[in-house]
Structures are given as C-alpha cells and as structure tokens.
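Visitor: I've just loaded this one up and could use a walk through it. Mind if I fire off some questions?
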Amino acid sequence: MRIALMVIRLIIKVPYYFFQIWWCGKSKTRTFEESFQIMKKITKKANRAGRVIVESYGTENLPKEDGFVMFPNHQGMFDVLVFLDSCPRPFAFVIKKEARNIILLKQVADGLGSYAMDREDVRQSMKVINAVTEDVKAGKNFLIFPEGTRSKNGNQMREFHAGSFKIASKAKAPIVPVALIDCYKVFDQKGCKPVSMQIHYLPV
C-alpha cells in the first residue's frame with residue numbers, strides 16, 4: 001500500500017524519476033556525488049508522497065573524513081531509503097545477490113556503484129570484500145547490513161555475522177554503528193496513515 005501511495009501521488013513524475021536514477025548508473029560523466037544528490041532528492045520526494053516521516057539523530061557523529069563504514073540493524077527494503085533520506089554524506093552499499101534483481105533497488109545500486117554479494121559463493125564474496133575494501137581506502141563510504149538479512153520480528157535484531165566487519169578491519173576504516181527503529185512499519189504496516197521511524201547515527 002505504501003509503495004502504491006508513493007507512485008500514485010507522484011504518478012506524473014515517476015517515469016522521469018526512474019529515468020534519472022537509471023541514467024545515474026549509465027552516465028560516464030555524472031560523478032558519484034552528483035548521482036547521490038539526485039537519488040537523495042528523489043527519495044525525499046517519495047517519502048513525503050508516501051507519508052513517511054524520517055526522524056534522524058546523530059549525524060554529527062559521522063567521521064569528519066570520508067572512507068567510513070556504517071553498520072545498522074536490518075529491518076526491510078526501506079532501510080536503504082532512510083539512509084538516502086537522512087545521511088548527508090554520499091555512500092554506496094552492499095546487498096545480498098537476491099535483492100540485486102529487485103527493480104529500482106537495482107538501478108539505485110548501479111547508480112551509486114554498490115555491490116551484490118552471493119553468500120553461497122565464497123570466491124565471489126571475497127572479491128566483493130576486496131573491492132569494497134579498496135573503495136573504502138580510496139575514501140568512499142559504505143553501508144553494510146551485518147545481520148545479512150532483515151529481521152522479521154520488528155525491532156528485535158538478528159545475530160551479526162562477523163565476516164561483515166572484515167571490510168572495515170582490512171581498510172582500517174572508522175565503524176559507524178547505526179540504529180533503525182520502526183523502519184519495518186513503512187512497508188509492512190497496512191494502510192496509508194502517516195508512519196514515523198527513527199534512525200540514530202551513534203558515536204564511532
């Protein structure tokens with residue numbers, strides 16, 4: 001219902017927005033920062049159309065220099081969008097291979113130079129870890145979900161996978177813990193009433 005509300009209220013601009021996101025992944029001249037700002041602007045409009053209220057706290061805790069990794073709990077498909085809405089610094093992300101085929105998420109991932117990891121393929125996983133490590137060393141920020149898959153129990157977290165922290169460890173990058181609260185309600189809750197969720201960027 002929430003996605004339908006976003007689409008309906010932006011119906012005239014949806015094709016244009018989709019093209020903009022798609023072009024971010026195809027353009028050879030558009031910079032990473034430019035692509036991020038375009039997606040951030042579209043995300044804010046989509047959230048407003050979907051009556052989603054993002055309460056953001058602690059952005060002042062982000063490192064002064066780029067090349068850090070954010071590790072949040074994982075509650076659902078909206079998680080990446082809440083970061084796009086609230087994070088003032090450009091970032092890419094790592095998602096599981098299965099999510100790579102979801103329309104729009106695929107285009108957003110391409111536009112930000114993100115990676116999809118096949119958890120069943122050790123060799124491919126190591127290639128992704130090494131590639132992201134080099135990107136972080138070069139000053140690119142990343143979003144990684146250490147639970148691997150979303151929790152299906154609301155705000156209750158799943159166990160973190162130790163391997164998720166290899167990238168930050170190998171890159172010697174600052175780790176930014178992030179807490180998401182009520183994010184799952186955005187797409188799981190029935191109806192179209194306004195919904196609020198919180199994101200807390202915690203001290204490094």
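Guide: Go ahead, and keep in mind that this is a predicted model. A good place to begin is helix 6 (residues 122-137), whose buried residues are covered by, among others, strand 2, strand 3, strand 4, strand 5 and helix 7 (166-171).

Visitor: Which residues of helix 6 are buried, and why do they line one face?
Guide: Seen down the axis of helix 6, the buried residues fall within an arc of 135 degrees, so they line one face of the helix. That fits the geometry: an α-helix has 3.6 residues a turn, so residues three or four places apart point the same way. The buried residues are Ser125, Val128, Ile129, Val132, Thr133 and Val136.

Visitor: And which residues are exposed on the other side of helix 6?
Guide: Exposed here means over 50% relative accessible area. On that other side, the ones that pass are Arg123, Lys127 and Lys137.

Visitor: How far apart are the end C-alpha atoms of helix 6?
Guide: Helix 6 has 16 residues, and at 1.5 Å a residue they should span 22 Å. The model agrees with that expectation, with the end C-alpha atoms apart by 22 Å.

Visitor: Which residue caps the N-terminal end of helix 6?
Guide: Look for a side-chain oxygen by the backbone nitrogen of Arg123; the two atoms lie 3.1 Å apart. The residue that supplies this oxygen, and so caps the helix, is Asp121.

Visitor: Over to the sheet: what is the order of its strands?
Guide: It's an open sheet of seven strands with mixed pairing. Strand 1 (52-57) and strand 4 (115-117) are the edge strands, each pairing on one side only. From one strand to the next, the twist averages 25 degrees. Reading across, the order is 1-7-6-2-5-3-4.

Visitor: In strand 5, what is the bridge partner of Met70?
Guide: Strand 2 (residues 69-72) pairs with strand 5 (residues 142-144) in the parallel sense, over two bridges. For Met70, the partner in strand 5 is Leu143.

Visitor: Is Asn73 buried or exposed?
Guide: Asn73 sits in the loop between strand 2 and helix 4. Its contacts, leaving out residues up to four places away in sequence, are Asp79, Phe145, Glu147, Met157, Val178, Ala179 and Leu180. The cut-off for buried is under 20% relative accessible area. Asn73 has 5%, so it counts as buried.

Visitor: Which backbone nitrogen does the side chain of Asn73 reach?
Guide: The polar contact spans 2.7 Å, inside the 3.5 Å cut-off. The nitrogen at the far end belongs to Leu180.

How values were computed: Residues numbered from 1 in each chain as written. Predicted model: local features only at pLDDT ≥ 70, side-chain atom pairs only at ≥ 80, totals over all residues. Heavy atoms only, no water. Pairing = 2+ DSSP bridges. Helix = DSSP H or I, 4+ residues; strand = E, 2+ residues; numbered from the N terminus. Axes fitted to C-alpha atoms, helices over the stretch in contact; angles between N-to-C directions. Expected span 1.5 Å × (residues − 1). Buried < 20%, exposed > 50% of the residue type's maximum accessible area, 1.4 Å probe, protein only. Arc of directions from axis to C-beta. Contact = heavy atoms within 4.5 Å. Polar contact = N/O pair within 3.5 Å; in protein donor to acceptor, adjacent residues only side chain to side chain.
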